[in-house]
Amino acid sequence: AKGRELKDKIGNECFTSSTIGQPGINDDAFVLMALLATGENTNNQIIQTAINTIKADQQNNGAFTWNGWPSQDITGAAVNALKYAQIQGVLIDNSIFQKATDYLKSSQLSDGGWGFATSSDALTTSWVMYGINSLGQGQMEWTNSQNNNPWSVLLANVNSNGYYETPWSA
């Protein structure tokens, strides 16, 4: 029942004029994952719109954007969503994943993760890890020349209560 409610809400409230939600691909990625998780047919118009919108957003350098702003976190989410669609039988060209991987490699910080300054933050890094994990990649592929990787960023940033805080929550 909840899956049907979700599908109906997406179809009735999020999808209008061949567009999903607000500008940018964040909602397209999450709608795609949600509909695929409910077992919706991959030929569904909303699923196809989400896939086409996400694919069209990829920049020449491999990044996906948040409403035009290249970002590692939405790149991780987009990779995860597109890989999930590919696993469900949708034809997704593997060059999309390679370009995204190249972008993420080029923007990986010396501490092993990603962020919007000179050091990584756990939230951005964790979203990138969704993409990395969906591609079946692990620490070996993402350990940089300073011998750091995204997993080391998460281990270094978990607080004594067992959760992560962003630098912006202070």
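**A walk through the helices**

Helices α4 and α6 run roughly parallel to each other. That is a good place to begin a tour of this model, which is a predicted one. Two packed helices are described by the angle between their axes and the distance between the axes. For α4 and α6, the axes come within 7 Å and cross at roughly 25°. Since angles under 35 degrees count as roughly parallel, this pair earns that description. The crossing of α4 and α6 is left-handed. To find α6 in the structure, look for residues 122-134; α4 covers residues 72-87.

Which residues bring α4 and α6 together? On the α4 side they are Gln72, Asp73, Gly76, Ala77, Val79, Asn80 and Lys83. Their partners in α6 are Thr124, Trp127, Val128, Tyr130, Gly131 and Ser134. Sorted by class, this contact holds 5 nonpolar, 6 polar and 2 charged residues.

Stay with α4, and turn now to α2, which spans residues 26-37. The axes of α2 and α4 cross at roughly 30° and come within 9 Å, so this pair is roughly parallel as well, the cut-off being 35 degrees. The crossing of α2 and α4 is left-handed. From α2, the contact draws on Asn26, Ala29, Leu32, Met33, Leu36 and Ala37. From α4 come Ile74, Ala77, Asn80, Ala81, Leu82, Tyr84 and Ala85. By class, the contact of α2 with α4 has 11 nonpolar residues, 2 polar ones and no charged ones.

A further partner of α4 is α3, made of residues 45-57. Here the axes come within 11 Å and cross at roughly 135°, which makes α3 oblique to α4. The crossing of α3 and α4 is left-handed. In this contact, Ile51, Ile54 and Lys55 of α3 meet Ala78, Leu82 and Ala85 of α4. These residues divide into 5 nonpolar, no polar and 1 charged.

Now let us look at the nonpolar residues as a group. In soluble globular proteins, nonpolar side chains tend to be buried together. How many residues does the largest nonpolar core have in this model? There are 28, and those with the most contacts inside the core are Leu32, Ile46, Ile51, Ile54, Phe64, Leu82 and Ile92. Helices α2, α3, α4 and α5 (94-107) each supply at least two residues. Which helix gives the most to this core? That is α4, with 7 residues.

Ile54 offers a closer view of the surroundings. Setting aside neighbours within four places in sequence, Ile54 touches Ile25, Asp28, Ala29, Leu32, Phe64, Ala78 and Leu82. Apart from the largest core lies another one, of 11 residues, including Ala63, Ile132, Trp142 and Leu154.

Two single residues show how parts of the chain that are separated in sequence come together. Ala34, in helix α2, is 27 residues from Lys7 along the chain, and the C-alpha atoms of the two are separated by 8.4 Å. Not counting residues up to four places away in sequence, Ala34 touches Leu6 and Ile10. Val90 sits in the loop between α4 and α5. Is Val90 buried or exposed? Its relative accessible area is 10%, and because buried means under 20%, Val90 counts as buried. The C-alpha atoms of Val90 and Thr42 are separated by 6.9 Å, with their positions 48 residues apart along the chain. Beyond its neighbours within four places in sequence, Val90 is in contact with Thr42, Ile51 and Ala85.

To finish, visit two asparagines in loops. Asn67 lies in the loop between β3 (64-66) and β4 (69-71), and Asn147 in the loop between α7 (139-142) and α8 (150-157). Asn67 has a positive phi of about 50° although it is not a glycine. For Asn147, also not a glycine, phi is positive at about 65°. Asn67 is partly exposed, with a relative accessible area of 41%. Asn147 counts as exposed because its relative accessibility is 62%, and the cut-off for exposed is over 50%.

Technical notes
Residues numbered from 1 in each chain as written. Predicted model: local features only at pLDDT ≥ 70, side-chain atom pairs only at ≥ 80, totals over all residues. Heavy atoms only, no water. Helix = DSSP H or I, 4+ residues; strand = E, 2+ residues; numbered from the N terminus. Contact = heavy atoms within 4.5 Å. Core = buried A, V, L, I, M, F, W, Y, C linked by side-chain atoms within 4.5 Å. Buried < 20%, exposed > 50% of the residue type's maximum accessible area, 1.4 Å probe, protein only. Axes fitted to C-alpha atoms, helices over the stretch in contact; angles between N-to-C directions. Parallel < 35°, antiparallel > 145°, perpendicular 65-115°, else oblique. Left-handed = near helix turned anticlockwise from the far one by under 90°. Nonpolar A, V, L, I, M, F, W, Y, C, P; charged D, E, K, R; others polar.
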